[in-house]
Amino acid sequence: MRVPRAISRIWRVRVAALGLSALVLAVGTQACDAGAKTTRSAATSAAAKLSCGQLDPTLAQDPSGILKTLPAAAQAAYTYDPYPVTGTPWSTFKGKKPPYKLAYVGEPYYGSAGWVSHVATEFKTLAAQYKKEGLVKSFQEFTPPDPATATPAQQIAAFQQMVREGVQGVFLLPLSAEAMNAEVDAAGKAGIPVIGVDAIFPGSKYALSVWGNNQEPTYPATLKLIHGSGNVLIVRGIPGGVDEQLWYNEAMAAVKACPHVKVAGTVYSQWDDATAKSNILSWVAAHPGVKISAVLQMGGVTQGIMSAFQQLGGKMPAVNAAPCSVGQLSYELAHESSGYNMVSTCFSGYQTAWSSWGLMMRVLGGKEPKTSYIPVSFKDKLITNANLKSIATANKPLNDSDEPAGSLSGWASDSYMNMWFKKPGTPGR
């Protein structure tokens, strides 16, 4: 049963350590930026050559020349990806005989629904299905019980226990990818594949994943909606949160390409809707008369942003929503006729789990992946007024933070993933 979250927290954002949420509550600061490391600079050299509203067409770095071994459609999926294309030791793995003992180490449930809990729900559904087919023997899950006290150490302890109990594959949604690298590689050396659930492990040799950078395409597209002119408010997440600095860099590159766009201010959301709303209201009160044309966020607090401006009255600014929500899409649908528009990317926890499961079955089935991660590009999957009616539901409240489920194969279908394997097909499907 899919119900709205009781606590709006995060959907797709990854937190390096939840304790970081106490570090920054100040409005208008950009603390800790220098400490975060990403594979792109704050303003890429390509950004200077981009026209306003244009998505960076650069392909991911390819130090080993792997891209040219992939089909053209697969190569194109690496457009604007910040992580290098790398090979994987699993490319020669011949698989294991089923049934398999599988496990999932997840993030805590931030409320009663949303992306995180939908991932777990779909994993359990698939485990039951594959048990009936004789392909899975057992499936266990560890989720930190308390979001306020969850730590990477808890995940590491659970992961190590699962390995001792003889699991043959682990799905992992990390609180800190860096903290898990050593465990992932130790498992890999022992022949246990670890699938990052929409998570990249840049320091790992053995990690695998299906991953999509759903944030970057929304930044230039949102600035295009305001015709490349006006004041922009930046809403950041948690300093040090996984991918947060990357998304900020991407947003700044999009802004740099628009000479008539000005960053009017920056606030931190702590990846919490209530905090985002409060800090935006405080910022607006401290800057009377400053008109905001667009808001660029570093993920996950669309309800808080839009609720703040709804309370303020006047025209709602364009907001990039990545990921999307039922309430936000319904608001856009209701105001479409008056000219309001925004840019969203939508994919559900169900879809993510389904594709991650498929990747695991392929690896254990000896299908031999060619790369360490399969990218899902969102450059042609943006939701705007042009295609809004295909996904939006009317008459939902703005604070309905549930997500549209979508077709299970709508994120990374089996035919799509075939391009990254020496042998096609997903066992059990």
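**Strands, pockets and exceptions**

Modeller: Let us start with strand 6 (residues 229-236) and strand 8 (residues 294-297), which run parallel and are joined by 4 bridges. Please keep in mind that this is a predicted model.

Colleague: What makes strand 6 and strand 8 count as a pair?

Modeller: Two strands pair if DSSP finds at least two bridges between them. Here there are 4 bridges, so strand 6 and strand 8 pass that cut-off. One example is Leu 233, whose bridge partner in strand 8 is Val 295.

Colleague: Which sheet includes strand 6 and strand 8?

Modeller: Both belong to an open sheet of 5 strands with parallel pairing, in the order 7-6-8-9-10.

Colleague: Why are strand 7 and strand 10 said to stand at the edges?

Modeller: Strand 7 and strand 10 (343-344) each have a single partner strand, so one side of each has no neighbour in the sheet.

Colleague: Let us look at a residue of strand 7. Why is Lys 262 called exposed?

Modeller: Lys 262 is found in strand 7 (residues 260-268). Its relative accessible area is 54%, and exposed means over 50%, so Lys 262 earns the word.

Colleague: Which residues is Lys 262 in contact with, leaving aside its neighbours within four places in sequence?

Modeller: They are Gly 230, Asn 231 and Val 232. As for Ser 229, Lys 262 is 33 residues away from it in sequence, and their C-alpha atoms are 7.9 Å apart in space.

Colleague: How much of the whole chain is buried?

Modeller: Of the 429 residues in the chain, 60% are buried. The chain has 11 helices and 11 strands. Among contacts between residues at least 6 apart in sequence, 79% join residues at least 24 apart.

Colleague: What is unusual about the phi of Trp 271, and is this residue buried or exposed?

Modeller: Most residues other than glycine have a negative phi. Phi of Trp 271 is near 55°, which is positive. This residue sits in the loop between strand 7 and helix 7 (273-286). Its relative accessible area is 0%; buried means under 20%, so Trp 271 is buried.

Colleague: How do you know that Glu 368 is buried?

Modeller: The reasoning follows the cut-off again: its value of 5% is under 20%, so Glu 368 is called buried. Its phi is positive too, near 65°, and its place is in the loop between helix 10 (349-364) and strand 11 (373-375).

Colleague: Where are cis peptide bonds found?

Modeller: Most peptide bonds are trans. One cis bond joins Pro 98 and Pro 99, with omega about 10°. Pro 99 lies in the loop between helix 1 (72-76) and strand 1 (100-105). Another joins Ala 322 and Pro 323, again with omega about 10°, and Pro 323 is in the loop between strand 9 (318-321) and helix 9.

Colleague: How much space lies in the largest pocket?

Modeller: About 490 Å³. It is lined by 21 residues, and the closest to its centre are Ser 293, Lys 315, Met 316, Pro 317 and Ala 318. Helix 8 (302-312) and helix 9 (326-335) each give at least two residues to the lining.

Colleague: What makes Lys 315 a charged residue of that lining?

Modeller: Lys counts as charged, along with Asp, Glu and Arg, so Lys 315 falls in that class. By class, the lining has 12 nonpolar, 7 polar and 2 charged residues.

Conventions: Residues are numbered from 1 along each chain as its sequence is written. This is a predicted model: local features need pLDDT of at least 70, side-chain atom pairs count only at pLDDT 80 or more; totals for chains, interfaces and linings use all residues. Side-chain values use heavy atoms; hydrogens and water are left out. Buried means under 20% relative accessible area, exposed over 50%, partly exposed in between (1.4 Å probe, protein chains only). Contact means heavy atoms within 4.5 Å. On a 1 Å grid over the protein atoms alone, a cavity is a set of points where a 1.4 Å probe fits but cannot get out, and a pocket is an open set with protein on both sides within 12 Å along at least five of seven lines; lining residues have an atom within 4 Å of a point. Grid points are joined across faces, edges and corners, and a volume is the space filled by probe spheres set on the points.
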